[in-house]
Amino acid sequence: MWIIKAGMVFVICCGRLFAWGEDIQSIQADFEQYIYNEDGANVYYKGKILGKSPNKVKWDYQMPFKKEIYMNDNKVAIYEPSLEQVSLSTLNSKSDFISIIKSAKKYEDGTYRTAVDGIEYTLVVDRENKPKSIYFVDTMGTKSELVLSNVKLNVKIDDAVFVFVAPSDVEVLELKAR
């Protein structure tokens, strides 16, 4: 669930972050994701992310194992090659991207903060006003940090990149709406 939230947040927050100065239509970046659980079972992921307005994200996890997450509007596909399965789900809520962008606020400490579905997100930008990191705590108390590098803005990304087609040899699981 936190992976889906992180994907949704990435699209929402990065779009929102640049609402003041630039009309960001897409983003491409490398990421490192740190998840700090209350029980001390911390997790580290590394990969690439592509995002396109409105509400499209592809996470390509490369470490510690291969995984791909596709989000297109409120449809989610999580493909795990090592398990030979894909999980398909639909999110119950689809955020109004434009109203979320307009509600973002910059704080005195230079960070940008927003709340989406009751979760507060803190965004940090670099000197070029590109997203550098995003912090949030989910409803289960799990703290997450996304650290971005090699950020490219407004790159051309074909919509087909965000459409998942399951390989014929994998199990497809239909999950309940979230």
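These numbered points walk through the strands, the cores and one exposed residue of a predicted model.

1. Start with the sheet. It is open and has 12 strands. Their order is S7-S8-S9-S10-S11-S1-S2-S3-S4-S5-S6-S12, and the pairing is mixed.

2. Next, the edges. Strand S7 (105-106) and strand S12 (171-174) stand there. Each has a single partner strand, so one side of each lacks a neighbour in the sheet.

3. Now look at strand S4, residues 67-72. In the sheet order S4 sits between S3 and S5. Strand S4 is mostly covered, with five of its six residues buried.

4. One partner of S4 is strand S3, residues 56-63. The two pair in the antiparallel sense, over six bridges. Together S3 and S4 make a hairpin, with three residues between them. Across this pairing, Trp59 stands opposite Ile69 in S4.

5. Strand S5, residues 75-80, also pairs with S4. The sense is again antiparallel, here over five bridges. Two facing pairs help to find the register. Glu68 stands opposite Tyr79 in S5. Met71 stands opposite Val76 in S5.

6. Check the turn from S4 to S5. This hairpin has two residues between its strands. Asp73 takes a positive phi there, near 60 degrees.

7. Which residues touch the most other members of the largest nonpolar core? They are Phe31, Trp59 and Ile69, in a core of 27 residues. Two of these names have come up already: Trp59 and Ile69 stand opposite each other in the pairing with S4.

8. Another core lies apart from the largest one. This other core has six residues, including Tyr70, Ala77, Val86 and Phe164. Ile69 belongs to the largest core, whereas Tyr70 belongs to the other. A general point on strands fits here. In a regular strand, side chains alternate between the two faces of the sheet.

9. Is Ala115 buried or exposed? Ala115 counts as exposed, because its relative accessibility is 56% and the cut-off for exposed is over 50%. Ala115 lies in strand S8, residues 112-116. In the sheet order, S8 stands between S7 and S9.

10. Last, a distance to check in the viewer. Ala115 and Phe136 are 21 residues apart in sequence. In space, they are 9.6 Å apart, C-alpha to C-alpha.

Key:
Residues are numbered from 1 along each chain as its sequence is written. This is a predicted model: local features need pLDDT of at least 70, side-chain atom pairs count only at pLDDT 80 or more; totals for chains, interfaces and linings use all residues. Side-chain values use heavy atoms; hydrogens and water are left out. A nonpolar core is a set of buried Ala, Val, Leu, Ile, Met, Phe, Trp, Tyr and Cys residues joined through side-chain atoms within 4.5 Å. Buried means under 20% relative accessible area, exposed over 50%, partly exposed in between (1.4 Å probe, protein chains only). Helices (H or I, at least four residues) and strands (E, at least two) are DSSP runs, numbered from the N terminus. Two strands pair if DSSP finds at least two bridges between them.
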